[in-house]
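Biologist: I am new to this structure and would love a guided tour. Could you take one part of the model and walk me through it closely, then show me how the rest fits around that part?

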Amino acid sequence: MNLSGIDLNLFLVLHAVLETGSVTGAAEQLHVTQSAVSNALARLRDVLGDPLLVRDGRGLVPTPRCEELRPLVASAVAQLQSAVDGQRFNPEESTRAFTLACGDNQDVCDVPLVVEAFARRLPRALLRVVSIDYLVSSNGLATGEVDVALAPRAVAERDGYPAEDLYLERTAFLVRKDHPHITGTTLTREAFNASRHVDMLVNHGRPGVGHRMFELFCKANGLEFRPALAVSHFVAAGVAVTRSDLIAGMPGRTADVLCAMLPVRRLQFLPDPPAIPMSLIWHPRTSTDPGARFFRELLIDVLRDGSLARPDAKAKPRPMAARPRKR
């Protein structure tokens, strides 16, 4: 029997009759006449070659064939109703895997905060954190491999993805504590130009948005950026500095974490390199998904600097308060 030749509305009528126990009840539930229900049952009997429901006194009794159909029809109707109503998301019961893509600087600064909130609000779910390399190589946002990414706002603007601003990422410089030529907490132009540097290539060994912004900053301020080492992780840059006279530029929050772990010092260059607006980015196809929306809201609650709240979810250029992120 070819399903395409059957009016599937007939099964909705059968389901209503079985639920209410009568043609009258089914007609009221479906907002149709009793004769319309009777006609639908007659058509379904002809299609299936079975009486389906027979009279027993004043009621209807299902045949064995109808009893076989009852759970199948009920399940199909429930699933269709769920699809029409939209998927309901229960964070307490969800065992879904949620994937966040970010750099290793966010691994050490942001992910610990996310883990704490995630365990509390999604106790049975899985938090999966992947690298920016994986995000790019898998085209993760478009393919569904990645739910959200932490990246500069410029990335969302370039790709036309929705985004929410979270905080400003400021630049700091690290040198080893016993550096023979650089003392104090300020990095001078002369010391910068006289030194060799660690280059950061965080996107498949290529320069990223932050790298290009820093190049423009160096050019505008007469700085000579002379890399002696190129790495793909900020933590690796910090460790390399401990055994060399190199200078490593990196996000200020990450520099603070490394200063607490390694024999390094944080330096500030004046004027400050431009701060980078960091955003939570996702693909438009997941904008209305209840689970993905809950995950995004969790991340925004945990990571957003209140001074950077935005009135919309569009990734558009707009002025941002130039203040350090508070913790």
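Modeller: Happily! Of the 327 residues in this predicted protein model, 45% are buried. A good place to look at that burial closely is helix H13, which covers residues 252–261. Its buried residues are Gly252, Arg253, Thr254, Ala255 and Leu258. What do these buried residues pack against? They meet two helices, H5 (104–109) and H12 (234–241), together with four strands: S6 (163–169), S7 (171–176), S11 (247–251) and S12 (264–269).

Let us follow one of those partners, strand S11, where isoleucine 247 is found. Is isoleucine 247 buried or exposed? Its relative accessible area is 1%, so isoleucine 247 counts as buried. Leaving out neighbours within four places in sequence, isoleucine 247 is in contact with Phe173, Leu174 and Val175, and also with Ile182, Leu187, Ala191, Phe192, Ser195, Arg196, His197 and Val198. Not every residue is at hand, though: glycine 160, 87 residues away in sequence, has its C-alpha 35 Å from that of isoleucine 247.

Another partner of H13 is strand S12, and the loop between S12 and strand S13 (276–281) holds proline 271. Here is a detail to look for: the peptide bond from leucine 270 to proline 271 is cis, with omega near 5°. Most peptide bonds are trans, and most residues other than glycine have a negative phi.

That second tendency also has exceptions in this model. Histidine 31 has a phi near 60°, a positive value in a residue that is not glycine. You will find histidine 31 in the loop between helix H2 (23–30) and helix H3 (34–48). With a relative accessibility of 71%, histidine 31 counts as exposed. Leucine 52 is not a glycine either, and its phi is positive at about 65°. This leucine 52 sits in the loop between H3 and strand S1 (53–56). Its relative accessibility is 1%, so leucine 52 counts as buried.

Between those two loops runs H3 itself, and valine 37 belongs to this helix. Valine 37 is buried, at 1% relative accessibility. Beyond residues up to four places away in sequence, valine 37 touches Val13, Val17, Val23, Ala26, Ala27 and Val32. By contrast, 64 Å separates the C-alpha atoms of valine 37 and valine 108, which are 71 residues apart along the chain.

Now for a pair of residues that meet across the sequence. Valine 202 lies in the loop between strand S9 (197–200) and helix H11 (209–220), while aspartate 133 is in helix H7 (residues 132–138). How accessible is valine 202? Its relative accessibility is 29%, which makes valine 202 partly exposed. Aspartate 133 is also classed as partly exposed, at 28%. Setting aside neighbours within four places in sequence, valine 202 is in contact with Ile132, Asp133, Ser232 and Phe234. On the other side, aspartate 133 touches Val202, Asn203 and His204, again not counting residues up to four places away. Two C-alpha distances help to place them: valine 202 is 7.6 Å from valine 231, 29 residues apart along the chain, and aspartate 133 is 8.9 Å from alanine 101, 32 residues apart in sequence.

Stepping back, the protein has 14 helices and 13 strands. Why is it described as more spread out than a compact globule? Its radius of gyration is 31 Å, well over the 20 Å that the globule rule gives for 327 residues, so it is more spread out than that. Along the principal axes, the C-alpha atoms fill a box of roughly 105 × 35 × 35 Å. Among contacts between residues at least 6 apart in sequence, 75% join residues at least 24 apart. The exposed surface is about 17,000 Å², with carbon and sulfur atoms supplying 55% of it. As for charge, there are 39 positive and 36 negative side chains, and the centres of the two sets lie 5 Å apart.

Finally, a word on confidence. The mean pLDDT is 88, and 91% of the residues reach 70 or more. Over residues 309–327, however, the pLDDT is below 50, although this stretch has 54 contacts in the model beyond near neighbours in sequence. Where pLDDT is low, the predicted coordinates should not be read in detail.

Key. Residues numbered from 1 in each chain as written. Predicted model: local features only at pLDDT ≥ 70, side-chain atom pairs only at ≥ 80, totals over all residues. Heavy atoms only, no water. Rg over C-alpha atoms; globule rule 2.2 N^0.38 Å. Buried < 20%, exposed > 50% of the residue type's maximum accessible area, 1.4 Å probe, protein only. Contact = heavy atoms within 4.5 Å. Areas by Shrake-Rupley, 256 points an atom, 1.4 Å probe, with all protein chains shown as cover. Lys, Arg positive; Asp, Glu negative; His and termini not counted. Charge placed at Lys NZ, Arg CZ, Asp CG, Glu CD. pLDDT = per-residue confidence, 0-100.
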